[in-house]
Amino acid sequence: MMIEETKRSIHDALCVARNLIRNNSIVYGGGSAEISCSIAVEAAADKYPGVEQYAIRAFADALDSVSIALAENSGLQPIETLSAVKSQQIKENNPHFGIDCNDVGTNDMREQNVFETLIGKQQQILLATQVVKMILKIDDVISPSDY
């Protein structure tokens, strides 16, 4: 079991290196990218009237679930922690604030050197969105021509 976990860890590290070679752009981790996206999506939702606004806000809530999981897995109060970090991002207009999982004392992921590859983050969000669209098609909530 330890050998298999070691193989998986090495494979993951090689994939990160490959992604950085393809595109060396990074986003800061700790859920900061998802929180920042959530804030932007919530702001965009105000521009849509009616039912569409609820779907857009649900997408923003889904983005928040990453940060909630990080806080919960770190032994923090998830909703309180997310609310504090989100308001800090908005107040200071700094998208680098995320969940302080390592209890360093700062929510600034740039100071903590916590980052992810942009390619990896794009792939995560794209795959999650595609899965939801497939589920909605299976449940006949949307038809293929709706998007």
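This short talk walks through one helix, a set of charged pairs and the nonpolar cores of the structure shown above. Please keep in mind throughout that this is a predicted model, and that the values I mention are computed from it.

Let me begin with helix α6, which runs over residues 118-138. With 21 residues at 1.5 Å a residue, this helix should span 30 Å, and because its end C-alpha atoms are in fact 30 Å apart in the model, the expected and the computed values agree. Within α6, the residues Ile-119, Gly-120 and Lys-121 are buried. If you look at what surrounds the buried residues of α6, you will find that they pack against two helices, α1 (2-22) and α2 (32-45), and also against two strands, β1 (26-28) and β2 (115-117).

Now to the charged side chains. In general, side chains of opposite charge can pair when their charged atoms come close. In this model the count comes to 8 salt bridges, and I will take you through some of them.

One lies within a single helix: the side chains of Arg-8 and Asp-12 meet at 2.7 Å, taken from N to O, and both residues belong to helix α1, where they are 4 residues apart, about one turn of the helix. How accessible are these two partners, Arg-8 and Asp-12? Arg-8 has a relative accessible area of 43%, so it counts as partly exposed, and Asp-12, at 35%, is partly exposed as well.

The next salt bridge joins Lys-86 and Glu-42, with 3.1 Å from N to O. This pair links distant parts of the chain, since Lys-86 sits in helix α4 (residues 78-92) and Glu-42 in helix α2, 44 residues apart. Lys-86 is buried, at 12% relative accessibility, whereas Glu-42, with a relative accessible area of 25%, is partly exposed.

Which residue forms a salt bridge with Lys-86 at 2.7 Å? The partner here is Asp-64, again with the distance taken from N to O. Asp-64 lies in helix α3 (residues 51-73) and Lys-86 in helix α4, so this salt bridge ties together parts of the chain that are 22 residues apart in sequence. Shared partners also matter elsewhere, as salt bridges join Glu-5, Arg-8 and Asp-12 into one network.

I would like to stay with Asp-64 for a moment. Its relative accessible area is 5%, and because buried means under 20%, Asp-64 counts as buried. Its side chain also makes a polar contact, at 2.9 Å, with the side chain of Ser-38. Leaving aside neighbours within four places in sequence, Asp-64 is in contact with Ser-38, Glu-42, Leu-82 and Lys-86, and so we meet here again both residues of the Lys-86 and Glu-42 salt bridge.

Finally, the nonpolar cores. The largest one has 6 residues in all, namely Ile-35, Ala-71, Leu-82, Val-85, Phe-97 and Ile-99. Taking Ala-71 from this core, and again leaving aside neighbours within four places in sequence, we find this residue in contact with Leu-76, Pro-78, Thr-81 and Ile-99. Apart from the largest core lies another, of 5 residues, which includes Val-41, Ala-45, Ile-56 and Leu-63.

Technical notes
Residues are numbered from 1 along each chain as its sequence is written. This is a predicted model: local features need pLDDT of at least 70, side-chain atom pairs count only at pLDDT 80 or more; totals for chains, interfaces and linings use all residues. Side-chain values use heavy atoms; hydrogens and water are left out. The expected span of a helix is 1.5 Å times one less than its number of residues. Buried means under 20% relative accessible area, exposed over 50%, partly exposed in between (1.4 Å probe, protein chains only). Contact means heavy atoms within 4.5 Å. A salt bridge is a side-chain nitrogen of Lys or Arg within 4 Å of a carboxyl oxygen of Asp or Glu. A polar contact is a pair of N or O atoms within 3.5 Å; within protein, one must be able to donate a hydrogen and the other to accept it, and residues adjacent in sequence count only if both atoms are side-chain atoms. A nonpolar core is a set of buried Ala, Val, Leu, Ile, Met, Phe, Trp, Tyr and Cys residues joined through side-chain atoms within 4.5 Å.
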